[in-house]
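Could you walk me through this structure? I would like to follow how its charged side chains pair up, how its chains meet and how its nonpolar residues pack.

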Amino acid sequence: MQAIDRKLFRDFQRLWLQAIAIAVVLSCGVAILLTSVGMFVALSETRTAYYERNRFADVFAHTVRAPLSLVSEIAQIDGVAGVEARISGTAILDIPGRTRTAVGRILSYPEKTNPVLNLPLLIQGRFPDPAVTSEIVVNAPFAEANNFRPGDSFSANLRGQKRSFTIVGAVQSPEFVYTIGPGAMMPDNEAFGIIWMSERAAAAAFDMTGAFNEVALSFATGTNTASVIDALDDLLEPFGGLGAYDRTDHQSDAFLEAELSQLKGMAAILPPVFFAIAGFLVSMVMSRIIALERSEIGLMKAIGYSNTEVCLHYLMLAGLIALVGVLIGWVAGTILARSLAVQYATFFNFPYVIFHVSYWVYAAAGLAGLATTSLGALQAALKAARLAPAIAMQPPAPPRFKRSLIDEAMTKARLAQSTIMILRSLLRWPVRSLLTSLGLALAVASVIASIFINDALDEIVDLTFYQTNRQDAMLLFAEDIPETVLEEVRNLPGVLQAESQQFHAAILRKGHLSKRVAIDSRRPGADLSRVLDIEGRPLDVPPGGILLSRRLAGQLGVHAGDTLQAEFLTGRRETYSLTVTGLVDQLLGLGAYMDLEYLNALFRQAPRLSTVNVTLDENQIDDLHRAIKDIPRLTGIIEMNVNRRAFQDTIEQNIVVMNSIYISIAIMITVGVSYNAARIQLSERARELASLRILGFGRGEVSYILIGEMMLIALIAQPIGWLIGAWIASAMTNAFTSDLYAIPLVLKPHIFAIGSLVVLSATLGSVLIVRRRLDRLDLVSVMKTRE
Amino acid sequence: MPEIIFRTENITKVYDTGEVKVYALAGVDLELFKGELTVLLGPSGSGKSTLLNILGGLDHATEGRVWFDNTELTKMTDRGLTKYRRDHVGFVFQFYNLVPSLTARENVQLVTDVAADPMPADEALGLVGLGDRMDHFPSEMSGGEQQRVAIARAIAKRPQILLCDEPTGALDSTTGVQVLEVLRDINERFGTTTVVITHNAEIQRMAHRVIFFQDGKISETRINSERLAPSEIVW
């Protein structure tokens with residue numbers, strides 16, 4: 001090893017604490033980049049492979065009842081490569097040992113051949129024997145959650161017929177990577193399952209002999225999706241087609257896609273912040289090292305080292321810091337990626353997982369870390385390279401101070417000399433002070449931008465469960481049935497209050513824009529399920545039109561007072577011109593609301609309902625479950641408190657993890673910035689502070705200068721951090737807004753306080769560690785140091 | 001008459017601070033000869049160090065020309081000057097300028113790593129009498145020892161010229177004499193042209209040639225017919 005390299009390693013040893021502080025910040029960037037890019041690649045590769053191998057369809061459509069002869073016509077649509085028609089339905093399940101009902105989505109499985117599309121993958125057991133209509137396979141998560149083994153059985157209420165089924169196998173399917181029951185907000189594998197049974201059994205159960213009600217298509221490459229969807233809609237239209245849709249509207253894929261775009265967002269936003277801070281810290285520390293090693297630089301040049309060699313020497317020091325940061329980042333990233341993969345494994349149901357992070361992702365994250373660190377060091381290293389040897393050998397000129405208006409103000413304010421020293425030092429290096437402040441501000445912002453989500457979600461839970469949906473449960477019926485059933489529901493055990501509601505699938509069109517929605521209608525004054533504006537005020541839907549959520553109106557380009565076309569896919573399948581009677585700001589979903597009575601009049605029908613909202617007597621819930629298992633046409637029950645608990649549990653788990661991560665990140669940034677800033681200050685001021693000690697200043701008075709300056713910078717950082725934090729929070733709420741939900745921007749004072757508290761205490765802690773060096777200051781040797 | 005190794009022609013060095021121009025060198029013509037030990041004498045600010053820096057390729061003259069052997073230094077680029085320093089020049093400074101994080105041997109290796117035909121670091125340290133202190137860090141050595149490490153570092157590349165700026169300036173007389181003895185020994189043993197800047201008028205008595213500086217100019221040049229051994233010098 002060359003002597004100059006030995007110098008490099010010894011310098012690094014001497015600086016190790018500062019180096020680690022920077023390396024840790026850098027490692028956060030590397031780890032997050034590794035995790036997000038790695039998981040993005042892994043998840044999308046797994047998805048692609050799974051979809052390809054199990055032939056996930058490109059377009060899906062539901063109809064009321066179409067003849068099987070239509071299949072060959074569908075296959076003839078230009079660009080269609082494969083068609084799979086099947087029977088689907090929903091049933092309430094009665095699982096032995098389980099009081100509460102579970103809901104099953106039933107799908108037919110072809111008898112003679114394998115399915116052409118959406119191939120289920122057998123995980124356990126075998127597929128049903130077509131001759132034995134009681135045999136079924138279920139999706140693996142449902143089997144696992146209920147501890148089903150092949151041979152177990154349960155019964156189901158199939159349109160009023162109670163039938164017993166025997167499980168012969170468990171499968172996974174590309175259609176159900178993410179399974180969520182009707183009306184649920186979180187997956188509940190125990191209470192919602194997918195059931196495949198032989199075509200014959202399904203046809204008998206749902207009265208579909210010679211017919212189908214679900215079709216999936218695949219394309220040849222280069223096919224225009226929109227034209228296929230249009231053609232399919234035309235063909236299905238006479239048979240009660242409910243509007244075809246492509247993968248983007250497929251529930252399971254949409255959730256996967258949302259996760260992927262979240263990973264992409266994470267990769268794009270967070271790592272650059274860490275890299276920037278690490279770069280800044282390196283630049284700050286390297287500038288100081290070069291100032292301190294001025295004469296050594298002169299010497300190296302005097303004995304014949306070239307400018308390039310000197311420059312490289314300092315770049316390599318930064319490179320060593322980067323190396324440590326990258327190594328820590330790789331290790332942390334690997335652990336993080338692994339834990340995320342475990343989380344994915346529970347959330348998404350893949351039969352196999354390509355959850356390894358490729359080497360190129362490691363290499364790219366490492367290079368990005370190395371590049372930013374080098375960039376941070378470059379200016380200082382170039383300065384070292386440019387330093388003329390003869391000048392480098394001389395002590396630097398003292399920094400220039402000029403009297404300014406601020407100085408006069410300070411004099412007039414009769415500030416103590418030590419306070420003036422602090423203020424003047426901030427003003428002497430305004431850019432550095434500001435950047436240090438900015439670093440700490442980012443730490444404050446990272447706390448605010450992460451913990452505001454708690455309040456936002458609280459607000460969502462409050463608005464969704466306590467204000468909008470105040471029912472204890474929703475009873476879902478197979479199709480629109482006369483409202484007279486309400487009376488029967490009221491007579492069920494435990495039901496205290498029951499209100500009707502209708503949902504109609506419809507396509508809303510305005511000009512060239514269209515959106516497939518579920519139009520929600522209820523009676524005026526409905527008390528259980530209400531339409532609320534963003535302030536939480538209940539609204540009655542004005543009759544004679546349609547009320548839209550602002551997000552939906554935006555997507556359709558309509559304003560209050562405009563007219564749009566509503567093409568109903570249910571009932572008589574008529575199209576009406578409706579006036580947009582108002583817009584309402586909402587957090588969840590793309591709401592479209594109509595008055596129930598107006599709708600019934602429009603449809604020229606007696607009052608009907610598709611859902612009954614009920615409040616329940618807690619003590620009679622088991623009786624209710626027993627009773628509804630036998631009600632024909634009831635296809636499901638959604639218990640809101642189960643939903644609410646699942647939602648809150650998931651969120652709380654995630655939030656505790658996320659908050660700890662972000663607060664740790666904030667602390668790491670703060671320590672990285674403030675420890676280095678304080679060390680640099682101490683090194684620049686050692687002579688000054690030792691002089692003060694010699695003049696008779698006490699340790700406390702001298703510490704005041706060191707601590708005071710750093711804390712002042714930290715204080716200046718607070719309002720900047722609040723602003724940045726609020727800005728990031730608002731950017732996040734915008735970024736997270738999707739068709740499914742919007743995150744409200746709730747910024748309560750306490751989150752700013754928490755952000756400031758975390759950063760100020762971490763700053764104080766870091767500066768106190770540096771302050772201990774003041775006690776060890778050797779007054780005599782400091783005074784002898786040339787410089 | 002020995003060969004000329006350095007020749008300067010009317011060199012000036014002006015420091016422009018914006019408000020005033022300071023003439024560090026105000027037209028210096030000089031010749032230095034191979035194998036000689038020359039002492040530059042003069043008060044602070046008389047231009048000695050500036051001249052030494054220009055001769056050593058550490059600094060550029062504002063005007064005038066400088067030749068080393070037959071090469072014109074004033075025409076060289078920074079890269080050329082770096083090579084010139086690396087191949088031909090050894091420096092010794094008043095404050096030793098050792099790298100504190102490197103041991104004595106490693107400080108010398110700093111040079112031997114890049115020089116074309118260096119002597120082993122151990123040999124160089126042996127020449128200055130530090131054969132037994134090679135693995136000590138600068139902080140573990142006295143000022144005289146540190147300066148001898150600096151000399152070992154300067155001579156390890158077998159330089160044609162050795163430029164010393166106040167080599168005894170930070171030392172007491174006993175250690176100062178030791179350092180001067182090493183310099184004289186090197187000069188005699190290897191025939192290395194040596195230039196020593198000093199404030200100390202007594203040191204001139206060990207030189208072949210003494211050049212006096214005053215206000216950026218040479219005020220007098222004297223050749224010693226008799227030279228004293230460093231041990232005979234008292235200050």
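Across all chains, a search of the whole structure turns up 47 salt bridges. Keep in mind as you read that this is a predicted model. A good one to begin with joins the side chains of Asp94(A) and Lys162(A), with N and O 3.1 Å apart. Asp94(A) sits in strand E3 (residues 88-94) of chain A, while Lys162(A) belongs to strand E8 (residues 161-172) of chain A, so this pair ties together parts that lie 68 residues apart in sequence. As for its surroundings, Lys162(A) has a relative accessible area of 45%, which makes it partly exposed.

Chain B offers two further pairs to look at. In one of them, the side chains of Glu202(B) and Arg205(B) meet in a salt bridge at 3.3 Å from N to O. Glu202(B) counts as partly exposed at 30% relative accessibility, and Arg205(B) is also partly exposed, at 41%. In the other, a salt bridge links the side chains of Glu220(B) and Arg222(B), with an N to O distance of 3.3 Å. Here Glu220(B) has a relative accessibility of 35% and counts as partly exposed, and Arg222(B) is partly exposed too, with a relative accessible area of 34%. Back in chain A, salt bridges can also share partners: Lys7(A), Asp11(A), Arg14(A), Glu293(A) and Glu296(A) are joined in this way into one network.

Now turn to the place where the two chains meet. Chain A brings 22 residues to the contact and chain B brings 25 residues. Between them, chain A and chain B bury about 2,200 Å², and carbon and sulfur atoms give 57% of that area. Which three residues supply more than any others of the area that chain A buries against chain B? They are Arg10(A), Leu299(A) and Ile303(A), which together supply 24% of it.

Arg10(A) deserves a second look. This residue forms a salt bridge with Glu106(B), and the closest N and O atoms of the pair are 2.4 Å apart. The count of salt bridges between chain A and chain B is 3, and 11 residue pairs are in polar contact across the interface, both residues of each pair having pLDDT 80 or more. On the chain A side, the elements that give two or more residues to the surface touching chain B are helices H1 (3-14), H8 (294-302), H9 (307-347) and H11 (389-392). H1(A) gives the most, with 6 residues. Sorted by class, this side of chain A has 9 nonpolar, 5 polar and 8 charged residues.

Finally, let us look at the nonpolar packing. The largest nonpolar core holds 178 residues, and those touching the most other members are Met39(A), Tyr314(A), Phe6(B), Leu51(B) and Leu110(B). Helix H19 (residues 640-694) of chain A gives the most to this core, with 18 residues. To see what such a position looks like, take Leu51(B): leaving aside residues up to four places away in sequence, Leu51(B) touches Ile11(B), Leu25(B), Val28(B), Leu30(B), Leu40(B) and Phe213(B). There is also a second, separate core of 40 residues, whose members include Val39(B), Leu41(B), Val149(B) and Ala207(B).

Conventions: Residues are numbered from 1 along each chain as its sequence is written. Chains are lettered from A and ligands numbered from 1 in the order in which they are written. This is a predicted model: local features need pLDDT of at least 70, side-chain atom pairs count only at pLDDT 80 or more; totals for chains, interfaces and linings use all residues. Side-chain values use heavy atoms; hydrogens and water are left out. A nonpolar core is a set of buried Ala, Val, Leu, Ile, Met, Phe, Trp, Tyr and Cys residues joined through side-chain atoms within 4.5 Å. Buried means under 20% relative accessible area, exposed over 50%, partly exposed in between (1.4 Å probe, protein chains only). Helices (H or I, at least four residues) and strands (E, at least two) are DSSP runs, numbered from the N terminus. Contact means heavy atoms within 4.5 Å. Buried area is the accessible area (1.4 Å probe) that two parts lose on being put together, summed over both. A salt bridge is a side-chain nitrogen of Lys or Arg within 4 Å of a carboxyl oxygen of Asp or Glu. A polar contact is a pair of N or O atoms within 3.5 Å; within protein, one must be able to donate a hydrogen and the other to accept it, and residues adjacent in sequence count only if both atoms are side-chain atoms. Ala, Val, Leu, Ile, Met, Phe, Trp, Tyr, Cys and Pro count as nonpolar, Asp, Glu, Lys and Arg as charged, and the others, Gly among them, as polar.
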